[in-house]
4 protein chains.
Amino acid sequence: MKIGCIEGIPIEDIPIRRWSMLEKVDVRFLKKPEEVGLKEPVMIEGLPGIGHVGKLVADHLVKELKAEKVIEIYSHHFPPQVMVEEDGTIRMPKNEVYVHKSTDSSPDLVILVGDFQSISSEGHFELVNAYIDIAKKFGVKRIFTLGGYGIGKLVEETYVLGAANSKRLIEELSAYGIQFEKGEPGGGIIGASGLILGAAQLEGIESACLMGVTSGYMVDPKSAKAVLDVLIKMLNLNVSVEALDERAKEMEKLVAQIREMQEATVQQWKSDEDLGYFR
Amino acid sequence: MKIGCIEGIPIEDIPIRRWSMLEKVDVRFLKKPEEVGLKEPVMIEGLPGIGHVGKLVADHLVKELKAEKVIEIYSHHFPPQVMVEEDGTIRMPKNEVYVHKSTDSSPDLVILVGDFQSISSEGHFELVNAYIDIAKKFGVKRIFTLGGYGIGKLVEETYVLGAANSKRLIEELSAYGIQFEKGEPGGGIIGASGLILGAAQLEGIESACLMGVTSGYMVDPKSAKAVLDVLIKMLNLNVSVEALDERAKEMEKLVAQIREMQEATVQQWKSDEDLGYFR
Amino acid sequence: MKIGCIEGIPIEDIPIRRWSMLEKVDVRFLKKPEEVGLKEPVMIEGLPGIGHVGKLVADHLVKELKAEKVIEIYSHHFPPQVMVEEDGTIRMPKNEVYVHKSTDSSPDLVILVGDFQSISSEGHFELVNAYIDIAKKFGVKRIFTLGGYGIGKLVEETYVLGAANSKRLIEELSAYGIQFEKGEPGGGIIGASGLILGAAQLEGIESACLMGVTSGYMVDPKSAKAVLDVLIKMLNLNVSVEALDERAKEMEKLVAQIREMQEATVQQWKSDEDLGYFR
Amino acid sequence: MKIGCIEGIPIEDIPIRRWSMLEKVDVRFLKKPEEVGLKEPVMIEGLPGIGHVGKLVADHLVKELKAEKVIEIYSHHFPPQVMVEEDGTIRMPKNEVYVHKSTDSSPDLVILVGDFQSISSEGHFELVNAYIDIAKKFGVKRIFTLGGYGIGKLVEETYVLGAANSKRLIEELSAYGIQFEKGEPGGGIIGASGLILGAAQLEGIESACLMGVTSGYMVDPKSAKAVLDVLIKMLNLNVSVEALDERAKEMEKLVAQIREMQEATVQQWKSDEDLGYFR
């Protein structure tokens with residue numbers, strides 16, 4: 001963008017200190033990676049998506065681990081709006097990167113959370129480029145992207161479906177109960193959770209997507225809980241699951257209610273049909 | 001854009017003086033900011049939007065204050081057209097910045113008005129970048145963006161809803177009767193009026209959005225009048241409100257008529273239903 | 001676009017002569033403007049649009065004047081396709097610039113014709129930038145853009161509606177029977193024919209749009225003939241109108257048939273209604 | 001994309017080795033063209049399209065000729081997703097270039113195959129620019145693009161329709177039974193198969209599009225077989241057609257079934273009409 005001038009006033013003559021424009025993909029470091037000093041960290045991505053499964057898990061980890069925010073990401077690929085908080089203050093849409101330095105047998109973590117994915121197709125690629133950049137700057141050795149896998153009906157028994165960018169990782173993950181089903185998901189994995197795996201593959205970073213099976217109709221803490229359980233086992237994380245568990249239980253009640261309503265509706269339709277209302 | 005050549009004629013060999021292309025976001029200064037010499041000015045944005053509330057207020061201020069035009073903004077993000085004036089002359093769509101040097105206790109003003117907002121999502125970000133640039137070039141200390149808040153039904157008693165990028169500003173604005181309702185607007189603030197607040201926040205410029213509550217069905221000078229009243233009080237402005245007041249009164253009559261028509265229509269439907277026309 | 005390399009082969013090591021990529025807006029000069037040596041030429045634009053009025057006139061002028069092609073314009077903003085000619089050869093979509101050196105009292109001409117306008121909103125601005133560049137390279141003093149003005153019903157007596165970027169030009173054109181109606185066209189002038197006027201205004205080049213009034217339902221040589229007649233008078237052009245006239249007459253027959261059909265249809269509907277088919 | 005910093009940490013101070021970002025059009029050479037050393041090769045393009053005709057033929061050639069992969073192409077213009085393979089590993093969408101060095105009278109080949117065409121209009125132009133680049137780097141003398149020509153109904157006797165960027169090529173191809181029908185395809189040739197011909201024309205590379213006539217309703221190996229047969233004759237290729245032939249025969253059975261079903265449906269409709277169900 002040029003700030004042009006009419007009538008011969010060149011822009012350079014307009015004295016002003018340099019400021020920071022909001023770039024198309026604007027990655028702002030609050031702390032230098034080498035200051036943070038992580039040791040072969042694992043990256044976890046949990047952005048909004050189907051059932052908000054990934055977001056629920058990653059947000060939970062950030063909170064429970066009291067992870068430290070080190071990066072803010074703004075982008076022209078997010079919706080052109082601000083959010084309004086409860087108290088009337090506004091908030092620019094952004095994604096954030098948090099870090100957690102482990103003090104036990106679990107690995108150091110780099111956690112990517114946030115408000116939005118790209119709203120344009122090309123934007124997805126530009127944002128994923130930035131995510132992979134960040135992973136490399138922190139020396140990330142492995143990436144887990146989290147998401148939901150919507151099956152279009154209420155889920156009786158949720159489980160975690162996987163996909164990975166290396167066979168070795170599939171074998172390893174299978175041992176933790178993650179399912180790898182022949183050619184599932186059939187339509188591929190769309191958005192950041194998928195593209196990160198692809199871009200990481202080109203960079204030689206092992207990466208897997210863990211998808212909690214969900215209806216796809218609503219935010220699903222129960223499915224998120226299933227993904228969290230697997231992550232805890234795999235990474236030896238020492239985090240409480242209580243908060244998510246509680247939400248999951250509330251949801252189970254909600255689902256039970258929905259089921260009842262559905263059955264009642266079906267019943268009603270049937271009797272209406274018997275009475276010949278629809279002909 | 002390259003102006004290429006076939007058969008070995010390099011573009012440099014085509015003698016022509018340099019001209020000014022219409023850039024993607026083309027900010028043309030008619031006067032240097034330091035020539036204007038404003039003192040800690042307040043910026044007011046009033047571009048087209050819901051009920052044209054913001055535009056009505058900002059245009060009114062420019063006219064009543066006889067503000068001076070200092071910038072024209074053209075952009076590829078506006079619709080690809082020209083407007084035709086009453087006399088048959090055309091006009092390129094543009095936004096404009098006017099300045100007003102105060103001679104009393106009111107602050108100096110930088111007023112952003114114009115024909116359009118961006119028609120693309122990414123364009124909103126590029127234009128808002130330019131608006132914030134301009135604010136910084138003039139040393140703006142505070143920004144008020146003006147807009148309408150559509151509630152989808154005729155408004156009995158209009159009032160001004162607020163959102164701001166700092167808690168301090170919310171407290172200050174509350175004293176002037178601006179309402180900050182829990183989590184309103186629920187969908188966030190879309191377009192320039194919202195994004196300016198977000199971008200200003202990143203630059204450390206205090207900023208609030210003042211939204212006149214309106215139906216959202218039509219241009220609403222009554223709602224604009226409510227916003228203007230608040231601005232006058234807050235900024236100690238010495239401007240007549242007559243012109244806007246008159247339009248507001250005309251509109252009140254119109255709304256009364258609409259209300260009557262609505263009631264008549266409802267009445268008609270009811271009697272039609274009684275007569276069994278719809279079954 | 002980067003032509004990247006895997007495994008350390010830098011692109012520079014891949015020996016290949018430079019070629020000409022198809023740029024986003026790719027203006028290819030077949031002849032240098034100073035070789036052509038036009039004297040204060042008038043530019044005429046006639047690209048596809050409503051009723052193909054502008055295109056019909058400009059193509060007619062190129063043919064009748066045996067104008068010489070001096071520029072080809074390719075663009076990523078055209079549809080991603082090639083056209084197939086009668087003999088099976090393909091043709092890349094392009095716009096073209098022709099020049100005509102006058103030997104009488106008419107001015108030298110620069111004529112812009114072609115296959116497409118931009119299919120994206122931003123592309124319109126980039127292409128119009130190129131058209132204005134070209135105008136300046138040839139020293140164009142005045143631009144006439146040609147188009148149709150669709151009124152949504154069959155036109156009894158066609159005429160030419162105008163809009164211009166200077167009052168002086170409006171006065172001048174009025175003398176040739178071009179009509180300037182209060183605030184018409186109400187929706188502004190969309191696309192190249194409008195934007196050229198706006199961009200030319202910013203560059204200080206006088207410019208007007210001549211719109212043949214037309215139904216907007218079909219290609220309209222009759223409306224094109226009206227525009228051509230005005231141009232001939234104004235520019236003192238020595239061109240036959242026969243070819244366009246013939247097409248216009250054929251069209252008048254077609255319109256007469258359509259009118260009859262319409263009347264018959266209306267008649268049919270009326271009698272159907274009388275018979276109570278629609279209730 | 002800028003990797004910006006807050007609070008004065010310039011990006012240069014963040015030590016990290018350079019990595020390879022995924023560019024908008026990302027062409028990765030696995031082998032240098034001069035290492036491959038092809039002799040006046042013919043390029044064949046077979047990307048996904050109508051009936052997957054082109055893709056079926058090109059994939060078949062790559063497999064039967066055991067061609068060597070020399071380039072991978074990634075792009076922001078492909079859908080923002082990864083594909084999931086049968087074993088749960090993911091795959092980044094990509095197009096690929098294979099080479100075949102001939103040991104007989106057939107020419108050396110450069111074969112372009114892959115997962116996707118551009119999903120945006122402008123992306124088609126950028127990708128085709130890359131394809132032409134590649135052709136030039138390998139010294140390609142002639143390009144055949146392969147596709148399907150959908151006629152919207154089941155095809156009794158398939159044949160190959162052609163279009164070319166030179167008259168000489170049309171004459172030559174006619175001798176092999178390729179049909180050049182007056183003004184067909186009427187709507188032009190959309191996508192890579194068409195644009196490559198246009199861009200090649202501007203570069204002086206002879207090029208033709210061979211379109212297998214197909215219904216357009218389904219993947220059509222029978223139509224692909226017809227295109228392959230012509231290619232084999234023209235280029236003197238020594239490849240088995242068995243695999244494609246088998247798929248074509250299976251398809252013929254499928255089409256026979258569809259035909260029966262269609263007839264049965266028509267029959268049903270007719271009898272329903274006789275019974276007066278639709279009135």
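**Crossings, pairings and a four-fold relation**

Tutor: Start with chain B. α3(B) passes α5(B) in a right-handed crossing. Keep in mind that the model is predicted.

Student: What makes the crossing of α3(B) and α5(B) right-handed?

Tutor: The sense of the turn decides. A right-handed crossing has the near helix turned clockwise from the far one by less than a right angle. α3(B) and α5(B) fall in that class.

Student: At what angle do α3(B) and α5(B) pack?

Tutor: About 55°, with the axes 9 Å apart. α3(B) spans residues 121–137.

Student: Why is α3(B) called oblique to α5(B)?

Tutor: Set the angle against the classes. Under 35 degrees counts as roughly parallel, and 65 to 115 as roughly perpendicular. About 55° belongs to neither class, so α3(B) is oblique to α5(B).

Student: Which residues of α3(B) and α5(B) meet?

Tutor: On α3(B) they are H124(B), F125(B), L127(B), V128(B), N129(B), Y131(B), I132(B) and K136(B). On α5(B) they are A192(B), L195(B), I196(B), A199(B), A200(B) and E203(B). By class, this contact has ten nonpolar, two polar and two charged residues.

Student: Now chain A. How do you know how α3(A) and α5(A) are related in direction?

Tutor: Their axes come within 9 Å and cross at roughly 55°. That angle lies outside the roughly parallel and roughly perpendicular ranges, and therefore α3(A) and α5(A) are oblique to each other. Their crossing is right-handed.

Student: Which residues make the contact of α3(A) with α5(A)?

Tutor: α3(A) uses H124(A), F125(A), L127(A), V128(A), N129(A), Y131(A) and I132(A). α5(A) uses A192(A), L195(A), I196(A), A199(A), A200(A) and E203(A). They divide into ten nonpolar, two polar and one charged.

Student: How do you know that β4(A) and β10(B) pair?

Tutor: Count the bridges. Pairing needs at least two. Two bridges join β4(A), residues 81–84, to β10(B). The cut-off is met, so the strands pair. They run antiparallel. Q81(A) stands opposite I190(B) in that pairing.

Student: What is the strand order of the sheet that holds β4(A)?

Tutor: The order is β5(A)-β4(A)-β10(B), in an open sheet of three strands with antiparallel pairing.

Student: What makes β5(A) and β10(B) edge strands?

Tutor: Each pairs on one side only. β5(A) covers residues 90–91, and β10(B) covers 189–190. A helix packs on this sheet too: α5(B), residues 192–203, touches β4 and β5 of chain A together with β10 of chain B. The direction of α5(B) makes about 75° with that of β4(A).

Student: How do you know that β10(A) pairs with β4(D)?

Tutor: Use the cut-off again. Two bridges join these strands, and at least two are needed, so they pair. They run antiparallel, and I190(A) stands opposite Q81(D).

Student: What about β4(C) and β10(D): how many bridges join them?

Tutor: Two, and the strands run antiparallel. The bridge partner of Q81(C) is I190(D).

Student: How many residues does each chain bring to the contact of chain A with chain D?

Tutor: Chain A brings 46 and chain D brings 27. Elements of chain A that each supply at least two residues include β1 (25–29), α1 (33–36) and α4 (167–174). α3(A) gives the most, with ten residues. By class, the side of chain A has 18 nonpolar, 13 polar and 15 charged residues.

Student: And how many residues are in contact between chain D and chain C?

Tutor: 46 of chain D meet 28 of chain C. Here α3(D) gives the most to the side of chain D, with ten residues.

Student: What superposes chain A on chain D?

Tutor: A rotation of 90° does it, with 0.1 Å of shift along its axis and an RMSD of 0.0 Å. That is why the relation is called that of a four-fold axis. Among the residues of chain A, S120(A) comes closest to the rotation axis, at 7.7 Å by C-alpha.

Student: What superposes chain D on chain C?

Tutor: A rotation of 90° with 0.0 Å of shift along its axis, giving an RMSD of 0.1 Å. Of the residues of chain D, S120(D) comes closest to the axis, at 7.8 Å by C-alpha.

Technical notes:
Residues are numbered from 1 along each chain as its sequence is written. Chains are lettered from A and ligands numbered from 1 in the order in which they are written. This is a predicted model: local features need pLDDT of at least 70, side-chain atom pairs count only at pLDDT 80 or more; totals for chains, interfaces and linings use all residues. Two residues are in contact if their C-beta atoms, placed from the backbone, lie within 7 Å. Helices (H or I, at least four residues) and strands (E, at least two) are DSSP runs, numbered from the N terminus. Ala, Val, Leu, Ile, Met, Phe, Trp, Tyr, Cys and Pro count as nonpolar, Asp, Glu, Lys and Arg as charged, and the others, Gly among them, as polar. Copies are superposed by least squares on the C-alpha atoms of residues with pLDDT of at least 70 in both. Axes are lines fitted to C-alpha atoms, for helices over the stretch in contact, and angles run from 0 to 180 degrees between N-to-C directions. Angles under 35 degrees count as roughly parallel, over 145 as roughly antiparallel, 65 to 115 as roughly perpendicular and the rest as oblique.
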